[in-house]
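Colleague: I'd like to learn how to read a structure like this one. Could we go through it together, one feature at a time?

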There are 2 protein chains.
Amino acid sequence: MARKARQIRNAAASREALMEAGARLFARKGFAATSLDAIAEDTGLNKAMVAYYFGSKTGLYQAILDQGVSRVLERVDVEALEARPPDLRLPAFARALARGFEAAPYLPGMLVQDYLSGEQQMRPEAAASLARNFEVTRAIIERGTMAGVFRAVDPHQVHLVLIGALVFFRITKPFRDKMQSAGRLPYSNPDPEDFAEFIGEMIARGLKSDSTPEPH
Amino acid sequence: MARKARQIRNAAASREALMEAGARLFARKGFAATSLDAIAEDTGLNKAMVAYYFGSKTGLYQAILDQGVSRVLERVDVEALEARPPDLRLPAFARALARGFEAAPYLPGMLVQDYLSGEQQMRPEAAASLARNFEVTRAIIERGTMAGVFRAVDPHQVHLVLIGALVFFRITKPFRDKMQSAGRLPYSNPDPEDFAEFIGEMIARGLKSDSTPEPH
DNA sequence: TTTGTAACTAAACACATGGTTAGTTGGCGC
DNA sequence: GCGCCAACTAACCATGTGTTTAGTTACAAA
């Protein structure tokens, strides 16, 4: 794609280029279907450089996943510090996740591929980091329930809805964009942050305690 | 997996076995990463039988997708005929989808893999059939809004939340099940239909018109 | 300017892939 | 019991794969 006229040597830039191209291709075609030749083609480097910098194709994959996970968690952690009323924290959390996916747009696809594959390529540390997201949801729900704003629900089910919708949205976004630019999309193509806002707010409304008719 | 002691000859059973094994493997590994050798291994048949019955690997893939899509749509179409108040139609629709995914358990994985792959293997007709699901959501929302039960929202965003959550739930289910049986799942592992019920109801609550404080 | 080494390439490797082909065989109709 | 053909297999082919290796080159330090 961005094939560079490469005469200069720069380890950091080459490493970065391999990760960028790898992320894009792994997310589009999956781990197995992405060839090192394709990555080399995209970067203008030789495919032997993958082994040179990352040891193997799997090593490159894991490095990309690690980077994506930490980018998402940065956004979420910043968000988690802000104090807000419970029913506003869900939209804020959703927005933080959406921004994280914006910073690591290939992560959701790679995560899903990893889940589907059965044989986890993702490093256990990365998986454990990701699981911290559930703690955020759980804390928000618990706080809201204690305050009487939310009814009592299984926080894990709520978390599945939130993450599931956001991940699915991200994964299918290229498809919608392609359809749209071909003029064949017969419905809306929401902006990621708007969609996150929408789902966060809808969930918050859906969780409202029955006993409080008009809160806020 | 279910390698049969195969001495008898049975066209229908062989065809079926190829589709079953293909569905399982395509959903796990994606189209490109699934080899005909693996499918042959699983069925105890020779890989030439894929060409014999389906013309090619792509032909097998499309046959499986077509079957899955029609199984899901059967459930949804039956459901769509039942008349209910709008806020009950959303949980019912979600349940119908969940039952459809139960009947075609590998479909969500294959769909996601297909979306991710970039080069769509799915037949356009199958994609068009799938799109009918959105019409169901749209009709439910429209009816509800007209009746004043729902507030005005973008039906496509609602649809994305519903489908996204259900699909994500399905494709991560094997992971949860594996964790659970290993005793390493620190949260709930909901039943698919219960989860569908939950999300349908939560969305219906989340869509409730602001002007009607205590409906039902 | 020389030199050491990190950054990089070309080529070869062993192996797996999807598809094809030529041939074999089980079982049903007669 | 026999012949026929659908059902099935083994082997091969051309191509593409991830990794390794042996060698080349840019560049910074001396």
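Colleague: Let me start with the DNA. How do the residues of the surface near DNA strand C divide into nonpolar, polar and charged?

Modeller: Keep in mind that this is a predicted model. The surface near DNA strand C has nine nonpolar, seven polar and six charged residues. In total, 22 residues surround DNA strand C, and the closest are Ala11(A), Ser14(A), Asn46(A), Ser35(B) and Lys57(B).

Colleague: Which elements give two or more residues to that surface near DNA strand C?

Modeller: From chain A, they are helix H1 (11–29) and H3; from chain B, they are helix H2 (36–43), H3 and helix H4 (57–81). H3(A) gives the most, with three residues.

Colleague: And DNA strand D: which residues come nearest to that one?

Modeller: There are 21 residues around DNA strand D, and the nearest are Ser35(A), Ser56(A), Ala11(B), Ser14(B) and Asn46(B). Helices H2, H3 and H4 of chain A each supply at least two residues of this surface, and so do H1 and H3 of chain B. Here H3(B) gives the most, with three residues. By type, the surface near DNA strand D splits into nine nonpolar, six polar and six charged residues.

Colleague: Next, the protein chains. How many residues of chain B are in contact with chain A?

Modeller: On the chain B side, 41 residues are in contact with 40 residues of chain A. The elements of chain B that give two or more residues to its side are H1, helix H6 (107–117), helix H8 (155–181) and helix H9 (192–207). H8(B) gives the most, with 14 residues. If you sort that side by type, you get 25 nonpolar, eleven polar and five charged residues.

Colleague: Let me look at one chain by itself. How many helices and strands are there in chain A?

Modeller: Chain A has nine helices and zero strands. Its C-alpha atoms fill a box of roughly 70 × 45 × 30 Å along the principal axes. Of the 216 residues in chain A, 41% are buried. You can also ask how far apart in sequence the contacting residues are: among contacts in chain A with a separation of 6 or more, 73% join residues 24 or more positions apart.

Colleague: How do I describe two helices that pack together?

Modeller: The general idea is that you give the angle between their axes and the distance between the axes. For H1(A) and H4(A), the angle is about 90° and the axes are 10 Å apart. That makes H1(A) roughly perpendicular to H4(A).

Colleague: Which residues make the contact between H1(A) and H4(A)?

Modeller: On H1(A), they are Leu18(A), Met19(A), Gly22(A), Ala23(A) and Phe26(A); on H4(A), they are Leu60(A), Tyr61(A), Ala63(A), Ile64(A) and Gln67(A). The residues of this contact divide into eight nonpolar, two polar and no charged.

Colleague: What should I look for along a single helix?

Modeller: Start with the general pattern: an α-helix has 3.6 residues a turn, so residues three or four places apart point the same way. Now take helix H7 (residues 124–146) of chain B, where the buried residues are Asn133(B), Val136(B), Thr137(B), Ile140(B), Ile141(B) and Gly144(B). They pack against H4, helix H5 (86–103), H8 and H9 of chain B. H7(B) has 23 residues and reaches 33 Å from its first C-alpha to its last, close to the 33 Å expected at 1.5 Å a residue. Just after H7(B), Gly148(B) takes a positive phi of about 80°.

Colleague: What covers the buried residues of H9(B)?

Modeller: The cover includes H8 and H9 of chain A, along with H5, H7 and H8 of chain B. Among the buried residues of H9(B) are Phe195(B), Phe198(B), Ile199(B), Met202(B) and Leu207(B).

Colleague: One last residue: why does Val69(A) count as buried?

Modeller: You count its neighbours, and the cut-off for buried is 20 or more other C-beta atoms within 10 Å. Val69(A) counts as buried because it has 25 C-beta neighbours inside 10 Å. Val69(A) is found in helix H4 of chain A. Leaving out residues up to four places away in sequence, Val69(A) touches Leu107(A), Ala126(A), Ser129(A) and Leu130(A).

Technical notes
Residues are numbered from 1 along each chain as its sequence is written. Chains are lettered from A and ligands numbered from 1 in the order in which they are written. This is a predicted model: local features need pLDDT of at least 70, side-chain atom pairs count only at pLDDT 80 or more; totals for chains, interfaces and linings use all residues. A residue is near a molecule or strand if its C-beta atom, placed from the backbone, lies within 6 Å of it. Helices (H or I, at least four residues) and strands (E, at least two) are DSSP runs, numbered from the N terminus. Ala, Val, Leu, Ile, Met, Phe, Trp, Tyr, Cys and Pro count as nonpolar, Asp, Glu, Lys and Arg as charged, and the others, Gly among them, as polar. Two residues are in contact if their C-beta atoms, placed from the backbone, lie within 7 Å. Axes are lines fitted to C-alpha atoms, for helices over the stretch in contact, and angles run from 0 to 180 degrees between N-to-C directions. Angles under 35 degrees count as roughly parallel, over 145 as roughly antiparallel, 65 to 115 as roughly perpendicular and the rest as oblique. The expected span of a helix is 1.5 Å times one less than its number of residues. A residue is buried if 20 or more other C-beta atoms lie within 10 Å of its own, exposed if 12 or fewer, and partly exposed in between; C-beta atoms are placed from the backbone.
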